[in-house]
Protein chains: 2
Amino acid sequence: MYDAVEAANLETAVGIGGMQPAPISGSGGARQFPARCNGCGLRKLCIASSLDPEELPQLEAVVSHWRMVHRGESLFRAGDRFQSLYTVRSGSLKTVASHAGGHEHVTGFFLPGETVGLGAIGEGEYDCDAIALEDSAVCVLPFAPLESLCRDVKSLQQHFHKMLSREILRESKQMILLSGMTSEQRVAAFLINVSNRLQERGYASRDFTLRMTREEIGSYLGIKLETVSRTFSRFQREGLIRVDGKRIELFDIEALAAI
Amino acid sequence: MYDAVEAANLETAVGIGGMQPAPISGSGGARQFPARCNGCGLRKLCIASSLDPEELPQLEAVVSHWRMVHRGESLFRAGDRFQSLYTVRSGSLKTVASHAGGHEHVTGFFLPGETVGLGAIGEGEYDCDAIALEDSAVCVLPFAPLESLCRDVKSLQQHFHKMLSREILRESKQMILLSGMTSEQRVAAFLINVSNRLQERGYASRDFTLRMTREEIGSYLGIKLETVSRTFSRFQREGLIRVDGKRIELFDIEALAAI
DNA sequence: CGAATACTTGAAATAAATCAAATAAGGTGG
DNA sequence: CCACCTTATTTGATTTATTTCAAGTATTCG
């Protein structure tokens, strides 16, 4: 989802060299590592951003650890009992809903700082699979204690409500895209959306590597993979972008937005 | 959205005969009426359902009044400052997002007990217009005091989180519908969804009156009004439903679900 | 390195949109 | 309460954007 070269500069979660702490006991086989919000480069992007420095330890008591999810592995599956939310520390994930009839549909892509699992609170079980697009790290946010802390800390509560509301908003926008836009508009909107989110995170936003396949993009946008490919090619022919496999360079964001 | 004959039996909000209380002063010209959760027939469906009887007065202190929205009028407009959520007491509403370029898109229909405005919490302003499909009544839930109360009352907090999460889930399902389903499947899913929601509310669920136009249904489903009409006609020809203008009778819900 | 997966491109098929026109329903003022 | 005007709905004929089918090429990662 982001350029590996860029990522190296911003990497905060995956242990590099001798920096990785020793794993602590993990349930279900996944190794878990102690989480330290203080000093995490994503602190301004995640739920911790709502807290004053002196309140951070309270959150760290709840978000006690993080874990790895390797490329292709699932963080959770549809039907699993809901227990935790997950905030991406590094890497990226997709969520996939399995429509009746074996048909699958990608409902979202998640970048560092974004939280997965919000749709599971209401029913007590996850409604989709969350799968890593690349080796990724996620902070584990056990929901019950998080909810408790939200009753004690007003700023945390407010931030959490905004997170939920923004997820509603994100999906509203996706619904508009899926119901009213041409395939060209969908692909253009997708590229701009990815670019904006990368920029917010401090990554290169005009030149990046897509971590998902054409098929996954198409599923997310409600079009076929061939249509994604053809549209990329057309945009390139028109000088709006450069396509080199999964690597995309945006030349004319204005023109893309105007499609 | 529901059959007027049925509605009469379940009407709890709109004053009938001499039952309507005197209006209290309303801001912005809309007349407001004191809200009484106790004795409201929708109490089991709305956010009040999470509270014990002795806690109800606390909620009533927050949800102090309700107001009418006449057919075609807006409850709020995109860009208005977010201040309150609204729970439908009677009637029905649609939410409409105005896509760049004058294009409009219906993002939801709301029945009694359902809450409008959840997408506005994150940005502090409404992201869409909410428009009454018929003369309707809504309880006004000022958000700041509601959020405060959620810190004090755990069951209320938990219910509110579930409301938000279920809205995320609803939109996920709509995204799947919009991206992967044929027009027949969309229309069938729509009819089943309306039927189920009417049933949950105690209304007739196999024989009801749609309060929205074919164009509004089409907008919601991402298809053209002619396609909605043709699909209704086809379903009728196949003996699955009976269509009489806005009045719909479902003969074979199983078969509809299997499309 | 090399099998498996992912991507591109062309040609034919198709579901739904668009254009068009007739009919029906609903609300308003006289 | 009715007549009329507007709005909503149905249905048909044609067009079109996107899918489907197909085949060759390029990547990727184990």
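Let us begin with strand β5 of chain B, residues 93-98, which is joined to β6(B) by six bridges. The two strands run antiparallel. Within this pairing, B:Lys94 stands opposite B:Phe109, a residue of β6(B). Please keep in mind that this is a predicted model.

The pair belongs to a wider arrangement. In chain B, four strands form an open sheet in the order β3-β8-β5-β6, and their pairing is antiparallel. Which strands stand at the edges? They are β3, residues 74-76, and β6 of chain B, each of which pairs on one side only. From one strand to the next, the twist averages 30°.

Two helices lie across β5 and β6 of chain B. One of them is α6(B), which runs at about 100° to β6(B). The other is supplied by chain A: helix α4 of that chain, residues 154-180, lies across these strands at about 125° to β6(B).

That second helix leads us to the contact between the chains. Chain B contributes 34 residues to this contact, and chain A contributes 34 residues. On the side of chain B that touches chain A, the elements giving two or more residues are β6 (104-110), α3 (143-152) and α4 (154-180) of chain B. Which of them gives the most? It is α4(B), with 19 residues. By class, this side of chain B holds ten nonpolar, 15 polar and nine charged residues.

How are the two chains related in space? Chain B is superposed on chain A by a rotation of 180° with 0.0 Å of shift along the axis, and the RMSD is 0.0 Å. That is the relation of a two-fold axis. In chain B, the C-alpha nearest this axis belongs to B:Arg151, at 2.1 Å. Moreover, 100% of the interface residues of chain B are also interface residues in chain A, so the copies meet through the same surface.

We may now look inside chain A. This chain is divided into domain 1, residues 4-177, and domain 2, residues 181-258. The contact between them takes 16 residues from domain 1 of chain A and 14 residues from domain 2 of chain A. On the domain 1 side, α1 (4-10) and β6 (104-110) of chain A each supply at least two residues. The most comes from β6(A), with four residues. The residues on that side of domain 1 divide into nine nonpolar, three polar and four charged.

Finally, I turn to the DNA. Around strand C there are 20 residues, of which A:Thr213, A:Ser229, A:Ser233, B:Thr182 and B:Thr227 come nearest. Both chains take part here: α6 (214-221) and α7 of chain A, together with α7 of chain B, each supply at least two residues of the surface near this strand. The largest share, six residues, comes from α7(A). This surface has four nonpolar, eight polar and eight charged residues.

DNA strand D is surrounded by 20 residues, and the closest are A:Thr227, B:Thr213, B:Arg214, B:Ser229 and B:Ser233. Which element gives the largest share of the surface near DNA strand D? That element is α7(B), with six residues. At least two residues each are supplied by α7 (225-237) of chain A and by α6 (214-221) and α7 (225-237) of chain B. The surface near DNA strand D contains four nonpolar, eight polar and eight charged residues.

Note on methods: Residues numbered from 1 in each chain as written. Chains lettered and ligands numbered in written order. Predicted model: local features only at pLDDT ≥ 70, side-chain atom pairs only at ≥ 80, totals over all residues. Near = placed C-beta within 6 Å. Nonpolar A, V, L, I, M, F, W, Y, C, P; charged D, E, K, R; others polar. Contact = placed C-beta atoms within 7 Å. Domains from an automatic or database assignment. Least-squares fit on C-alpha atoms with pLDDT ≥ 70 in both. Pairing = 2+ DSSP bridges. Axes fitted to C-alpha atoms, helices over the stretch in contact; angles between N-to-C directions.
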